[in-house]
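Biologist: Before the discussion begins, please display the sequence together with the model.

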Amino acid sequence: MRRKLRKITLFLLVFVFIFAYNVVEPRAVSLEVSAKSAVLIEACSGRVLYQKNAFEKMPMASTTKIMTAIVALEHGNVSDIVQVSQNASGTEGSSIWLSAGETMSLSDMLFGLMLASGNDAAIAIAEHISGSVGEFTKLMNAKAQEIGAYNTNFVNPNGLPAQGHYTTAYDLALISAYAMQNEYFSQIVKTQYKTLPWDGHKWDRVVKNKNKILWSYEGGNGIKTGYTKDAGRCLSAGAQRENMQLVAVVLGASDMFGDCMSMMDHGFENYNNHLLLGSGEYVGEVNVEQGKEESFSVHTEKDIYYPLTDEEYTKIEKQIFLEDTLKAPVAKGQTVGYIDIWLGTNKLRTAELKAPFSIGENSYKFNLDRLLDFWINTRLLDM
């Protein structure tokens with residue numbers, strides 16, 4: 001039976017295991033943002049640092065290809081050979097000049113997709129992974145739901161105008177933050193130039209990344225531009241300084257690069273990714289009844305960071321709920337308590353605390369059984 005947990009409350013300190021995106025409202029700021037919809041998040045925690053109409057459904061043009069790339073990476077192999085169909089080669093809009101029957105590695109296709117925004121590459125990738133665009137978009141939508149982008153729907157893999165093809169700035173930021181966790185994806189989107197093979201030509205294709213953030217902004221490391229007449233200028237921009245990765249998204253902007261740089265300036269100037277609790281820090285002691293050990297110490301398992309202003313940092317509270325006594329045996333990884341994390345009146349997250357190692361029984365019955373086993377084994381050896 002679970003015993004009553006003892007409660008410890010500490011102020012000005014926090015243990016955070018957070019993916020709680022909208023718990024804390026961003027503070028009001030006066031930013032001049034041209035976009036109809038915009039959001040700034042810190043990628044690891046998902047915390048919203050600025051927003052303007054961030055939950056309004058809008059078309060997203062070629063920023064769609066962020067999802068196309070991550071689905072391809074998770075369902076394909078970068079060494080796969082992709083054969084271009086007539087359907088893919090005839091795709092309108094921006095392209096990497098693919099011809100029907102041409103073959104190219106999935107890796108090169110992805111570079112063409114993300115740097116040059118190849119609409120033809122998007123169709124070729126979709127057909128390679130799923131056999132058809134329709135089946136591929138099912139994977140895209142399923143992934144959106146898994147990530148938490150609940151107000152997003154994909155109809156195609158390239159972002160060309162289509163009824164029912166939409167996202168929100170917030171959802172696109174979630175998708176972008178998720179994608180940036182993939183090492184291969186992050187390498188692609190921070191690449192400025194890439195040479196791609198071109199069968200039947202005397203020269204190779206050389207594609208340049210359309211994302212000026214890579215050249216114009218300190219720490220810029222991604223991720224994707226987009227434009228159609230219906231959607232306007234769209235951009236998901238990424239930048240990292242020290243240990244903080246920001247993602248800024250604008251939809252329907254007249255100055256997409258300026259908007260994103262202004263938002264990221266705000267983030268870097270006003271927030272720090274504070275180390276709130278270091279790995280191995282002591283949390284408390286749990287007693288053990290009838291165990292080979294009388295007690296064990298509970299420590300945190302990893303470094304925990306969270307983006308906060310200096311003022312917010314002074315308002316952090318940690319509440320530890322820990323078992324006072326457990327009866328042996330205790331299993332390694334067994335839950336022995338939890339921690340609630342608060343910023344003011346906002347409960348950010350509940351994190352479990354676990355036993356660091358196993359502790360066996362040391363009861364009278366346990367020792368008697370050991371003696372009996374020893375006696376039986378000894379008699380068997382003597383026979």
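Modeller: Helices (H or I, at least four residues) and strands (E, at least two) are DSSP runs, numbered from the N terminus. The model is predicted: local features need pLDDT of at least 70, side-chain atom pairs count only at pLDDT 80 or more, and totals for chains, interfaces and linings use all residues. Residues are numbered from 1 along each chain as its sequence is written, and side-chain values use heavy atoms, with hydrogens and water left out.

Biologist: What is the mean pLDDT of the protein?

Modeller: The pLDDT is the predictor's confidence in each residue, from 0 to 100. A value of 70 or more is reached by 87% of the residues. Over residues 9–22, however, the pLDDT is below 50. For the protein, the mean pLDDT is 89.

Biologist: How many contacts does the stretch of residues 9–22 have beyond near neighbours in sequence?

Modeller: Contact means heavy atoms within 4.5 Å. Where pLDDT is low, the predicted coordinates should not be read in detail. With that reservation, the number of such contacts in the model for residues 9–22 is 57.

Biologist: At roughly what angle do the axes of helix H4 and helix H5 cross?

Modeller: Axes are lines fitted to C-alpha atoms, for helices over the stretch in contact, and angles run from 0 to 180 degrees between N-to-C directions. The axes of H4 (residues 119–130) and H5 (residues 133–147) come within 8 Å, and their crossing angle is roughly 85°.

Biologist: Which term describes H4 relative to H5?

Modeller: Angles under 35 degrees count as roughly parallel, over 145 as roughly antiparallel, 65 to 115 as roughly perpendicular and the rest as oblique. The crossing angle therefore makes H4, relative to H5, roughly perpendicular.

Biologist: Which residues of H5 make the contact with H4?

Modeller: From H4, the contact is made by Ile123, Ala126, Ile129 and Ser130. On the other side, the residues of H5 are Val133, Glu135, Phe136 and Leu139.

Biologist: Is strand E15 largely enclosed or open?

Modeller: Buried means under 20% relative accessible area, exposed over 50%, and partly exposed in between (1.4 Å probe, protein chains only). Ile316, Lys318, Ile320 and Leu322 point one way from E15, Glu317, Gln319, Phe321 and Glu323 point the other way, and all are buried. Because eight of the eight residues of E15 (residues 316–323) are buried, the strand is, with respect to the rest of the structure, largely enclosed.

Biologist: Which residue of E17 is the bridge partner of Ile320?

Modeller: Two strands pair if DSSP finds at least two bridges between them. Seven bridges join E15 to E17 (residues 335–343), and the two strands run antiparallel. In E17, the bridge partner of Ile320 is Ile339.

Biologist: Which residue is joined to Gly222 by a cis peptide bond?

Modeller: The bond has an omega of about -5°. The residue joined to Gly222 lies in strand E8 (residues 220–228). The residue is Ile223.

Biologist: What is the omega of the peptide bond from Ala328 to Pro329?

Modeller: Pro329 is found in the loop between strand E16 (325–327) and E17. The bond from Ala328 to Pro329 is cis, with omega near 5°.

Biologist: Is Ala61 buried or exposed?

Modeller: Ala61 is not a glycine, yet has a positive phi of about 50°. Its place is in the loop between strand E3 (48–52) and helix H1 (65–75). With a relative accessible area of 1%, Ala61 is buried.

Biologist: Is Glu242 buried or exposed?

Modeller: Glu242 also is a residue other than glycine with a positive phi, near 55°. Glu242 is placed in the loop between strand E9 (232–241) and strand E10 (244–253). At 77% relative accessibility, Glu242 counts as exposed.
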